[in-house]
Amino acid sequence: MASGVKEVLPPSLDSSSEPPPDIFDGTTKLFTAYICPYAQRVWITRNYKGLQDKIKLIAMDLDNRPAWYKEKVYPANKVPALVHNNEVKGESLDLIKYLDENFEGPSLLPNDPAKREFAEHLLSYSDSFNGAGFSSFRADGIGEVGAAFDYLENALGKFDDGPFFLGTFSLVDVAYAPFVERFQLFASDVKKYDVTEGRPKLAAWIEEIDKIEAYKVTKADPKEFLAALKKRIAC
């Protein structure tokens, strides 16, 4: 299957689902959840590298996950998790690097040492960005997310040879896209705040990343995401 070709997605497994009989049969599998931004990072990387036929998706219902997942697959009991060579690996930033380094397909990191160094800086900062975004969900006003988006706006001005963080599309864009997607949606719908106002580079980045087919096919359903989020905030 070529990179970006839309595939038929498997249904999510829940507590009533039996474990797949072939989890450790030597083939590569990605345990994911369609609503999870961390898992989406690895899903995008898989798609962009054209690995749809080499890495099977197994979707999980995170609100009602099966007990066998923790017992038989991944003791951390979260997604994403990759089964490769009958070994289980986790953590989304580690996994996107692992896929890029160990599988065929277009490289998602440039050779330029300066760009690689900046990539590591931005990948490290992503946890801080995500924390600011999630904290804004319960904050009065926009909380810290405005400053976090200012940071991205400045980062997007580092290199001028393309609209992405490193000029060309890379693991850095993969790492941020799922979270910008959600934070932008929440800010607009709930906070009535436009994250792109006064941030032209961010606006251009969002426009360009929405053209990446490997990302587009992974985007969360906006209504489903907002409904789930509002339900959790109300708790």
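There is 1 cavity of 30 Å³ or more in this structure, and the model is a predicted one. The largest cavity has a volume of about 50 Å³. Helix 6 is a good thread to follow here: helix 6 gives the most to the lining of that cavity, gives the most to the lining of the second largest pocket, and also meets helix 7. Elsewhere, 4 strands make an open sheet, and helix 1 packs on that sheet.

**The cavity**

- Which residues line the largest cavity? They are Gly133, Ser136, Phe137, Gly141, Ile142, Val145, Phe149, Phe183, Phe186, Ala187 and Lys191.
- Helix 4 (113-136), helix 5 (145-155) and helix 6 each bring at least two residues to this lining.
- Helix 6 leads the way here, with 3 residues.
- Sorted by class, the lining of the largest cavity has 7 nonpolar, 3 polar and 1 charged residues.

**The second largest pocket**

- The second largest pocket comes in at a volume of about 180 Å³.
- It has 15 lining residues, and the closest to the pocket's centre are Glu181, Gln184, Leu185, Tyr215 and Lys219.
- Three helices put at least two residues each into the lining of this pocket: helix 6 (171-189), helix 7 (200-209) and helix 9 (222-234).
- Helix 6 is the top contributor again, this time with 6 residues.
- As for the make-up of this pocket's lining, count 10 nonpolar, 1 polar and 4 charged residues.

**Helix 6 against helix 7**

- How do two packed helices get described? By the angle between their axes and the distance between the axes.
- For helix 6 and helix 7, the axes come within 11 Å and cross at roughly 105°.
- Angles of 65 to 115 degrees count as roughly perpendicular, so helix 6 is roughly perpendicular to helix 7.
- On the helix 6 side, the residues that meet helix 7 are Asp173, Tyr176, Ala177, Val180 and Gln184, while helix 7 offers Trp205, Ile206 and Ile209.
- This contact of helix 6 with helix 7 splits into 6 nonpolar, 1 polar and 1 charged residues.
- Gln184 turns up twice in this story: in the contact with helix 7, and among the residues closest to the centre of the second largest pocket.

**The sheet**

- The 4 strands line up in the order 2-1-3-4, and their pairing is mixed.
- Strand 2 (55-59) and strand 4 (87-90) sit at the edges with a single partner strand each, so one side of each has no neighbour in the sheet.
- From one strand to the next, the twist averages 20°.
- Strand 1 (residues 28-32) pairs with strand 2 in the parallel sense, over 5 bridges.
- Look across from threonine 32 and you'll find alanine 59, in strand 2.
- Helix 1 packs on this sheet, where helix 1 touches strand 1 and strand 2, and the direction of helix 1 makes about 145° with that of strand 1.

**Helix 1 against helix 3**

- Helix 1 (residues 37-48) and helix 3 (residues 92-102) have axes that come within 9 Å and cross at roughly 5°.
- Angles under 35 degrees count as roughly parallel, so that is what helix 1 is to helix 3.
- Helix 1 makes the contact with Tyr38, Arg41, Val42, Thr45 and Arg46, and helix 3 answers with Ser92, Leu93, Leu95, Ile96 and Leu99.
- By class, this contact of helix 1 with helix 3 holds 6 nonpolar, 2 polar and 2 charged residues.

Note on methods:
Residues are numbered from 1 along each chain as its sequence is written. This is a predicted model: local features need pLDDT of at least 70, side-chain atom pairs count only at pLDDT 80 or more; totals for chains, interfaces and linings use all residues. Side-chain values use heavy atoms; hydrogens and water are left out. On a 1 Å grid over the protein atoms alone, a cavity is a set of points where a 1.4 Å probe fits but cannot get out, and a pocket is an open set with protein on both sides within 12 Å along at least five of seven lines; lining residues have an atom within 4 Å of a point. Grid points are joined across faces, edges and corners, and a volume is the space filled by probe spheres set on the points. Ala, Val, Leu, Ile, Met, Phe, Trp, Tyr, Cys and Pro count as nonpolar, Asp, Glu, Lys and Arg as charged, and the others, Gly among them, as polar. Axes are lines fitted to C-alpha atoms, for helices over the stretch in contact, and angles run from 0 to 180 degrees between N-to-C directions. Angles under 35 degrees count as roughly parallel, over 145 as roughly antiparallel, 65 to 115 as roughly perpendicular and the rest as oblique. Contact means heavy atoms within 4.5 Å. Two strands pair if DSSP finds at least two bridges between them.
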